[in-house]
Amino acid sequence: MRGRVLQPTQCPNGAEQFTWSELSSGVERPEMRKAEARPRQHDHLGTAARGSGGEGGGGADRAGGVPSGAMEIPSSLILEPSLYTIKAIFILDSFGQRLLAKYYDNTFSTTKEQKNFERNVFNKTHKTESEIAFLEGLTIVYKSSIDLFFYVVGSSHENELMLMSVLSCLFESLSHMLRKNVEKRILVENMDGVFLVVDEIVDGGVIMESDSQQVIQKLNFRVDDSSLAEHSVTQVLQSAKEQIKWSLLK
């Protein structure tokens, strides 16, 4: 039995054309074998990938676009999360003298070291109008009012906005408590209340409160001026002492 099939032939210009060829049953001509379709191999890419990988087997990561060791982070740069964000809070007068200071870690372990640090901070900040300073590897936010300077200190990696929220809470709480007379004489006369405010905001370096109204309410103060005129810091402290005394006598 004979038949005919289309046989591709190559033209001189490189194009292919098809012609009919005779086919006998049981006889397979070489030209009848259909070429197997295979994808073209890009050896230059494979060679480049193999060459960059070397013999150590690390070339697969490089060929995939991930350099060897790119995800490794030095342990010294890894910061462990911590609630202890505040290193110190202190208030100085217009001469740089300490009025109040609370340190929450051993960065400055002695009183002499603390006062030297406060003096350096004051010398750098008391004539500037900015709100943030960096000194001795620490981040410092500060605010002035008449003859007072308020400072909150954190580590070099600490968020400045978080430190600023503590500073704002401290200043606003004292402003409410002192009936907006935030100056040295009034502050010194009500120093017991100032310590209570600081302890309500920060405890052992941990931020406990950043809302001044919450601080005032916890200290039995109201925000409106009429109630502040009726309740002084001394009265609140005396009331607390009376409650403690009666509780001990029961």
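Y142 and Y151 are both buried. Their rings form a tilted aromatic pair, with 5.8 Å from centre to centre and 35 degrees between the planes. The model is predicted. Ring pairs link these two tyrosines with F90, Y103, F108 and F117 into a cluster. The protein has 9 helices and 9 strands, and 32% of its 250 residues are buried.

**Aromatic rings**

- The structure holds 8 aromatic pairs.
- F122 and F149 make up an edge-to-face pair, at 5.4 Å centre to centre and with 90 degrees between the planes.
- F122 belongs to helix α3 (residues 111-125) and F149 to strand β7, so the pair ties together parts that lie 27 residues apart in sequence.
- F122 is buried, as is F149.
- A charge also meets a ring: the charged end of K143 sits over the ring of F171, 4.9 Å from the ring centre.

**Nonpolar cores**

- The largest nonpolar core has 32 residues, of which I89, I91, F150, L174 and L187 touch the most other members.
- At least two residues of this core come from each of β3 (88-93), β4 (98-103), β7 (148-155), α4 (160-177), α5 (184-189), α6 (191-201) and α7 (212-218).
- Helix α4 supplies the largest share of the core, 9 residues.
- Beyond its neighbours within four places in sequence, I91 is in contact with Q97, R98, L99, L100, L148, F149, F150, L174, L187 and V194.
- Another core, of 17 residues, lies apart from the largest one and includes F117, A133, L138 and V153.

**The β5-β6 hairpin**

- Strands β5 and β6 (residues 138-145) pair in the antiparallel sense over 4 bridges.
- Side chains alternate along β5 (residues 132-135): A133 and L135 point to one face and are buried, whereas I132 and F134 point to the other and are not buried.
- F134 stands opposite T139 of β6.
- The hairpin has 2 residues between its strands, and E136 takes a positive phi near 55 degrees there.
- E136 is a residue other than glycine, and its relative accessible area of 47% makes it partly exposed.

**Loop residues**

- R179 lies in the loop between α4 and α5.
- The phi of R179 is positive, about 55 degrees, although the residue is not a glycine.
- With a relative accessible area of 41%, R179 is partly exposed.
- S94 is found in the loop between β3 and β4, and its relative accessibility of 36% counts as partly exposed.
- Not counting residues up to four places away in sequence, S94 touches F122, D147 and F149; F122 and F149 are the two rings of the edge-to-face pair.
- The C-alpha atoms of S94 and K184 are separated by 8.8 Å, while the two residues are 90 residues apart along the chain.

**E209, a buried glutamate**

- E209 sits in the loop between β9 (206-207) and α7.
- E209 has a relative accessible area of 15% and is therefore buried, the cut-off being under 20%.
- A polar atom of the E209 side chain lies 3.1 Å from the backbone nitrogen of D211.
- Leaving aside neighbours within four places in sequence, E209 is in contact with C169, E200, I201, Q214, V215 and K218.

**Contacts across the chain**

- Of the contacts between residues at least 6 apart in sequence, 46% join residues at least 24 apart.
- One pairing across such a separation is that of F122 and F149, in parts 27 residues apart in sequence.

Definitions and conventions. Residues are numbered from 1 along each chain as its sequence is written. This is a predicted model: local features need pLDDT of at least 70, side-chain atom pairs count only at pLDDT 80 or more; totals for chains, interfaces and linings use all residues. Side-chain values use heavy atoms; hydrogens and water are left out. A nonpolar core is a set of buried Ala, Val, Leu, Ile, Met, Phe, Trp, Tyr and Cys residues joined through side-chain atoms within 4.5 Å. Buried means under 20% relative accessible area, exposed over 50%, partly exposed in between (1.4 Å probe, protein chains only). Contact means heavy atoms within 4.5 Å. Rings of Phe, Tyr and Trp (its six-membered ring) pair if their centres lie within 6.5 Å; planes under 30 degrees apart count as stacked, over 60 as edge-to-face and the rest as tilted. A charge sits over a ring if NZ of Lys or CZ of Arg is within 6 Å of the ring centre and within 35 degrees of the ring normal. Two strands pair if DSSP finds at least two bridges between them. A polar contact is a pair of N or O atoms within 3.5 Å; within protein, one must be able to donate a hydrogen and the other to accept it, and residues adjacent in sequence count only if both atoms are side-chain atoms.
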